Amino acid sequence: MKLLHNAIMPISQRPETIFVSGKGAYLFDEHGKSFLDFVQGWAVNTLGHCHPVLIEAIGQQAQQLINPSPSFYNQPMVQLANKLVEKSVFDQVFFANSGAEANEGAIKLARKWGQLDKNNAYKIICFDQGFHGRTLATMSASGKAGWNKLFNPKVDGFVKVPFNNLQAVNQAIDQQTVAIMLELIQGEAGVIPVNSEFILGLQAIAKEKNLLLIVDEIQTGIGRTGSLFCYQHFDIEPDIMTLGKGIGGGVPLAALMAKKSFCCFEPGDQGGTYNGNPLMTAAGLAVINEILKPGFLKQVNDCSQYLQQRLTEMSKQFQLGEIRGRGLLLALETGSLNAVSIANYAFERQLLINAPRANCLRFMPALTVLPEEIDLMIEKLYDAIAVLKEEI
Ligand SMILES: *Cc1c(COP(=O)(O)O)cnc(C)c1O
């Protein structure tokens, strides 16, 4: 196939490879070359590439009904909403097409609640290095380095404070504050977990000051951290949660969930042409049903243990840094070695791996990853690191 570079906007530095198919832990290019995939569409392909259950669900639904319009109910929409409500502390769902859109919804919901019930309070406290998406409002809520200069003027009303610092949060709160919004593991920042003292403290502050606690579980939700939702690892009940990425198993699906008393949207406040369409929600239903099967999450935790063990050995051998994260969202500090170079060398060895920071590798395989695939990944990573070490 002729590469039509010029027809695609350059929003990412892409390798020349064109991918044509995928199966489980592997992606294949047009020459049949296989790549072991530890990126999985950016922690999106929960069940790996082209899982039979997902193919079946999408195929069946495509034959039955693709889109009746967002202003009518459809079966998979209702079933998936019921399932998410049943398995979480939240009471209602709004389905969206991307994580950013779900977060926009969360911001709107918080502001509406502020107008109705908190004297027009609208400010949302967010965190340095946080990532909430690429729309104008979600970029404004993000604390990614360098973004403060882009696409100005930004959307007003987001106050940034350092992560895991309760005192900073306390100092940032004023009469106009309506919510605190955070990731429980800051994924794009390099897999930085919230510490439990901090999150428990945030919940206490939110209760005391009548603020909404919004958790962005777009990367951490749907089994990724070894429980269905990451907030379940802590003794907390957030007021609002957003889901994306893994919820659709690869297709564009996201969700905004909230507790009943904060569900204040009225008809006309929120919507979108594709929201809750049965093709995507059928995929989401297939994914969550698979994850909820007995033993699935235990398998995720077992694989996490194994991956951490193998990474620890590697870190010792090459004198790299710490391993952090939960479940199958893990990072390895690479110390003085450039993680982006490691990822590039890994690509040459047909391993897809992500370096969210210059000195950190991120591991986000399918939740169905097998121990032997972890072994193979480690083998390829050893090679890549060894080559880089020789160069230095
Ligand atoms: C990926 C991500 C988003 C944005 O999701 P999109 O589907 O890319 O819009 C928001 N928040 C977090 C934590 C993410 O990881």
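Biologist: What makes the approach of the side chain of serine 142 to the backbone nitrogen of histidine 132 a polar contact?

Modeller: The side chain of serine 142 reaches that backbone nitrogen at 2.9 Å, and a polar contact is a pair of N or O atoms within 3.5 Å, where within protein one must be able to donate a hydrogen and the other to accept it, and residues adjacent in sequence count only if both atoms are side-chain atoms. This is a predicted model, in which local features need pLDDT of at least 70, side-chain atom pairs count only at pLDDT 80 or more, and totals for chains, interfaces and linings use all residues. Residues are numbered from 1 along each chain as its sequence is written, and side-chain values use heavy atoms, with hydrogens and water left out.

Biologist: Why is serine 142 called buried?

Modeller: Its relative accessibility is 4%, and buried means under 20% relative accessible area, against over 50% for exposed and partly exposed in between, with a 1.4 Å probe and protein chains only; serine 142 therefore counts as buried. Leaving aside neighbours within four places in sequence, its contacts (heavy atoms within 4.5 Å) include Phe131, His132, Trp147 and Lys160.

Biologist: Which residues surround the ligand?

Modeller: A residue belongs there if one of its heavy atoms lies within 4 Å of the ligand, and among those that do are Phe131, His132, Gly133, Glu183 and Gln219.

Biologist: How do you know that alanine 100, aspartate 216 and lysine 245 make polar contacts with the ligand?

Modeller: Each distance can be set against the cut-off already given: a backbone N or O atom of alanine 100 lies 2.8 Å from a ligand oxygen, a side-chain N or O atom of aspartate 216 is 2.7 Å from a ligand nitrogen, and a polar side-chain atom of lysine 245 is 2.6 Å from a ligand oxygen. The protein covers 82% of the 380 Å² of accessible area that the ligand has on its own, as computed by the Shrake-Rupley method with a 1.4 Å probe (for residues, only the protein chains shown count as cover).

Biologist: Why is cysteine 230 not bonded to cysteine 360?

Modeller: A disulfide is a pair of cysteine sulfur atoms within 2.5 Å, whereas the sulfur of cysteine 230 is 17 Å from that of cysteine 360, its closest cysteine sulfur, and is therefore too far for a bond. Cysteine 303 is likewise in no disulfide, its nearest cysteine sulfur, that of cysteine 230, being 18 Å away. By this rule the count comes to zero disulfides.
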